[in-house]
Amino acid sequence: MQFSLVAKDIQSKARAGVVETAHGAIETPIFMPVGTAGTVKAVHQRELKDDIKAEIILGNTYHLYLRPGLNILEQAGGLHKFNGWDRPILTDSGGYQVFSLAGTRKIKEEGVKFKSHIDGSALDFTPENVMDTQRTIGADIIMAFDECTPYPCDYTYAKNSMERTHRWLQRCVDRFDSTEPKYGYDQTLFPIVQGSTYKDLRVQSAETIASFGREGNAIGGLSVGEPAEMMYEMTEVVCDILPADKPRYLMGVGTPANILENIALGVDMFDCVLPTRNARNGMLFTTQGIVNIRNLKWATDHSPIDAELGGYVSTFYSKAYLRHLVHSGEYLAGQIASVHNLTFYLWLVKQARQHIIAGTFRDWKDVMVKKLMVRL
């Protein structure tokens with residue numbers, strides 16, 4: 001994997017770049033739609049490519065390990081062949097599921113024991129078998145196995161967890177570097193910075209992760225309930241340490257405002273379930289602000305969902321029609337809203353990129369952050 005910087009913003013730490021992978025180039029800053037179980041919920045691959053214009057999507061190691069299982073994925077030739085997506089894929093290691101399944105897990109030095117959310121069967125994840133699993137899934141970018149700490153989290157726990165994550169990283173690197181990809185193309189491994197909301201731990205973790213010299217680096221353990229300002233503070237601390245010639249991926253973030261503010265701090269890559277999850281609940285992100293399509297005020301609004309955004313669903317369907325679908329419980333509602341929200345998110349990062357290259361990012365960002373969070 002190669003990363004090259006195209007432009008830097010003069011008034012902030014925002015950058016525009018290009019990540020080159022075996023399945024194509026990714027222009028940064030970029031938002032990555034989340035396809036947890038091999039699919040972005042309610043969205044066809046054709047829509048992802050042609051309408052949303054996604055350049056990379058995510059898969060989740062834990063969910064894919066359970067269903068469809070590694071045997072089926074390997075028979076297919078990897079996730080790209082299985083789901084028909086021919087552009088880059090990134091896989092989460094399952095560390096976040098370890099965090100979210102706190103009630104059934106046991107974390108030890110060897111790895112994590114927990115139970116399947118499907119049938120309660122016992123599972124063991126170790127740094128080594130998580131590397132092997134991601135090799136089999138076949139993602140272009142795979143994540144190190146880490147522990148995502150909750151918020152709030154006491155200092156001692158955060159420190160011990162971070163140090164274990166670093167030890168696990170060494171084991172991930174050793175396993176990854178001693179194995180070969182299965183499907184004839186290169187894969188790359190991103191380490192993950194942890195340390196909760198403690199500045200000294202974040203500094204220590206960022207320095208440790210940077211010392212491994214991998215092709216890219218990730219920032220984990222944020223957007224787990226901490227105030228936004230605390231997230232920005234930790235992100236800035238870490239971005240100032242992680243090497244400038246490698247892409248920086250902030251995991252699980254976030255709202256449009258979160259994304260723009262973190263781009264300004266030097267982040268290149270983002271993912272979040274927010275656009276699709278909120279879409280299924282009737283919340284739309286638009287170029288003019290936030291729309292709760294369930295509200296009565298949209299019942300007689302026959303204007304397009306978002307004429308300024310462009311794209312098929314946003315200009316073809318009206319707000320009144322989408323509200324009708326939502327209140328009728330029609331599946332099409334979730335499809336339309338999901339495609340719209342993801343189109344908006346990809347539009348947003350592409351606009352950010354254009355303004356970084358043009359040298360106008362900071363002023364544009366300050367206006368957009370206020371505008372996009374207005375509830376219409």
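User: In this predicted model, which residue in strand 3 stands opposite Glu 20?

Analyst: To read a strand pairing, one looks for the residue that faces a chosen position across the two strands. Here, Glu 20 has Ala 25 of strand 3 as its opposite. A further pair of this kind consists of Gly 17 and Thr 28, the latter also in strand 3.

User: In what sense do strand 2 and strand 3 pair, and over how many bridges?

Analyst: The sense of a pairing and the number of bridges are read together. Strand 2, residues 15–21, and strand 3, residues 24–28, are antiparallel partners joined over 5 bridges. With 2 residues between them, these two strands make a hairpin.

User: In what order do the strands of the sheet lie?

Analyst: The order is read across the sheet, from one edge to the other. This open sheet has 3 strands in the order 1-2-3, with antiparallel pairing. Its edges are strand 1 (2–8) and strand 3, each of which pairs on one side only. On average, and with direction ignored, neighbouring strands of the sheet are turned by 15° against each other.

User: Which helix packs on the sheet, and which strands does that helix touch?

Analyst: Packing is read from contacts and from the angle between directions. Helix 14, residues 331–358, packs on the sheet and touches strand 1, strand 2 and strand 3. The direction of helix 14 makes about 120° with that of strand 2.

User: Which residues does the UniProt annotation "active site" cover?

Analyst: An annotation is taken from a record and is then located in the model. The unreviewed UniProt entry assigns "active site" to Asp 92 and Asp 271. These residues are spread over 180 residues of sequence, yet they cluster in space, with a largest C-alpha distance of 10.5 Å. Both Asp 92 and Asp 271 are included in the lining of the largest pocket.

User: Is Asp 92 buried or exposed?

Analyst: Burial is judged from relative accessibility, and the cut-off for buried is under 20%. Asp 92 has 12% relative accessibility and therefore counts as buried. It lies in strand 6, residues 89–92. Beyond residues up to four places away in sequence, Asp 92 touches several others, among them Gly 59, Thr 61 and Met 251.

User: Where does Asp 271 lie, and why does Asp 271 count as buried or exposed?

Analyst: The reasoning is the same as before. Asp 271 lies in strand 15, residues 269–271. Asp 271 counts as buried because its relative accessibility is 8%. Leaving aside neighbours within four places in sequence, its contacts include Phe 31, Leu 58, Tyr 249 and Met 251. The side chains of Asp 271 and Tyr 249 are joined by a polar contact of 2.7 Å.

Terms used: Residues are numbered from 1 along each chain as its sequence is written. This is a predicted model: local features need pLDDT of at least 70, side-chain atom pairs count only at pLDDT 80 or more; totals for chains, interfaces and linings use all residues. Side-chain values use heavy atoms; hydrogens and water are left out. UniProt positions are given in the numbering used here, feature names are shortened, and annotations may be inferred rather than shown by experiment. On a 1 Å grid over the protein atoms alone, a cavity is a set of points where a 1.4 Å probe fits but cannot get out, and a pocket is an open set with protein on both sides within 12 Å along at least five of seven lines; lining residues have an atom within 4 Å of a point. Helices (H or I, at least four residues) and strands (E, at least two) are DSSP runs, numbered from the N terminus. Buried means under 20% relative accessible area, exposed over 50%, partly exposed in between (1.4 Å probe, protein chains only). Contact means heavy atoms within 4.5 Å. A polar contact is a pair of N or O atoms within 3.5 Å; within protein, one must be able to donate a hydrogen and the other to accept it, and residues adjacent in sequence count only if both atoms are side-chain atoms. Two strands pair if DSSP finds at least two bridges between them. Axes are lines fitted to C-alpha atoms, for helices over the stretch in contact, and angles run from 0 to 180 degrees between N-to-C directions.
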